[in-house]
Amino acid sequence: TNNRIDFALKRDGADHVVYKDLTTVSDTAWVLRMHLNFTGNTSADAYDSQTWFGLSSSSGTFTATQDAIGLEIRWGQDDNYKTVDVNSAGLDSPTNTTTFSTAFTSTDEYWVEIIRESATSFTIELFSDATYSTSVEKETVTTSSSTSGLQYIVGKMRSSSSKAEIQNGWLDDVEFYNGVTSAGNSW
């Protein structure tokens with residue numbers, strides 16, 4: 001009823017995936033926007049947990065072979081955001097990554113914009129406002145032109161041995177623009 005994906009992210013030994021099939025997506029130009037609101041954690045521990053949001057060639061698990069471009073969030077030990085580019089591998093074996101200087105906290109709220117600027121370049125930018133006008137940090141990444149077929153908007157939680165910490169929050173206001181490098185009319 002609230003038009004959002006509420007989550008309780010937890011390492012529980014199982015894979016968790018949520019996705020939307022876009023059918024056909026440009027391999028050179030698109031924009032993905034989303035609002036990520038983390039509302040706190042319970043049973044905090046020092047074990048790393050990983051979740052990922054972006055576009056992928058697969059609706060399968062975190063470790064499935066895929067091409068992908070997106071944002072990884074780690075918490076528990078590393079507490080960071082990373083750009084992730086994967087070419088014919090699992091998200092746990094990225095081709096390129098860049099770690100943001102902005103650290104993750106359990107109550108972060110960001111509006112995220114991922115832009116495929118060309119066959120060989122993408123950016124991920126974190127904003128502090130819903131109008132995407134106040135940038136917190138932006139990273140530009142070189143990718144392989146063979147990273148292609150990214151037809152799924154996906155959220156994936158990495159399967160790892162069960163631990164106690166739960167990271168709560170939600171994802172909403174997802175917008176996708178195909179064939180362009182700036183926001184406009186969505187899919």
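These legends accompany a few close-up views of a predicted model.

**View 1. Thr95 in its loop between two strands.** Welcome to the stretch that joins strand E6 (80-89) to strand E7 (96-103), where Thr95 has its place. With a relative accessibility of 43%, Thr95 counts as partly exposed. Setting aside neighbours within four places in sequence, its contacts are Asp85, Val86 and Asn87. For Asn87, look at the backbone nitrogen: the Thr95 side chain reaches this atom at 3.0 Å. If you bring Thr28 into the frame, its C-alpha is 18 Å from that of Thr95, and the two residues are 67 apart in sequence.

**View 2. The ring pair of Tyr81 and Tyr110.** A search of the whole structure turns up eight aromatic pairs. Here the ring centres of Tyr81 and Tyr110 are 5.7 Å apart and the planes meet at 80 degrees, so this pair is edge-to-face. Tyr81 belongs to strand E6 and Tyr110 to strand E8 (residues 109-118), so the pair ties together parts 29 residues apart in sequence. Tyr81 is buried at 1% relative accessibility, and Tyr110 is buried too, with a relative accessible area of 12%.

**View 3. A cluster of aromatic rings.** Step back from the two tyrosines to see how ring pairs link Tyr81 and Tyr110 into a cluster with Phe7, Phe38, Trp75 and Phe104.

**View 4. Arginines over aromatic rings.** The charged end of Arg4 sits over the Trp170 ring, at 3.7 Å from the ring's centre. In a companion close-up, Arg33 lies over the face of Tyr132, 3.8 Å from the ring centre.

Key:
Residues numbered from 1 in each chain as written. Predicted model: local features only at pLDDT ≥ 70, side-chain atom pairs only at ≥ 80, totals over all residues. Heavy atoms only, no water. Helix = DSSP H or I, 4+ residues; strand = E, 2+ residues; numbered from the N terminus. Buried < 20%, exposed > 50% of the residue type's maximum accessible area, 1.4 Å probe, protein only. Contact = heavy atoms within 4.5 Å. Polar contact = N/O pair within 3.5 Å; in protein donor to acceptor, adjacent residues only side chain to side chain. Phe/Tyr/Trp six-rings, centres within 6.5 Å; stacked < 30°, edge-to-face > 60°. Lys NZ or Arg CZ within 6 Å of the ring centre and 35° of its normal.
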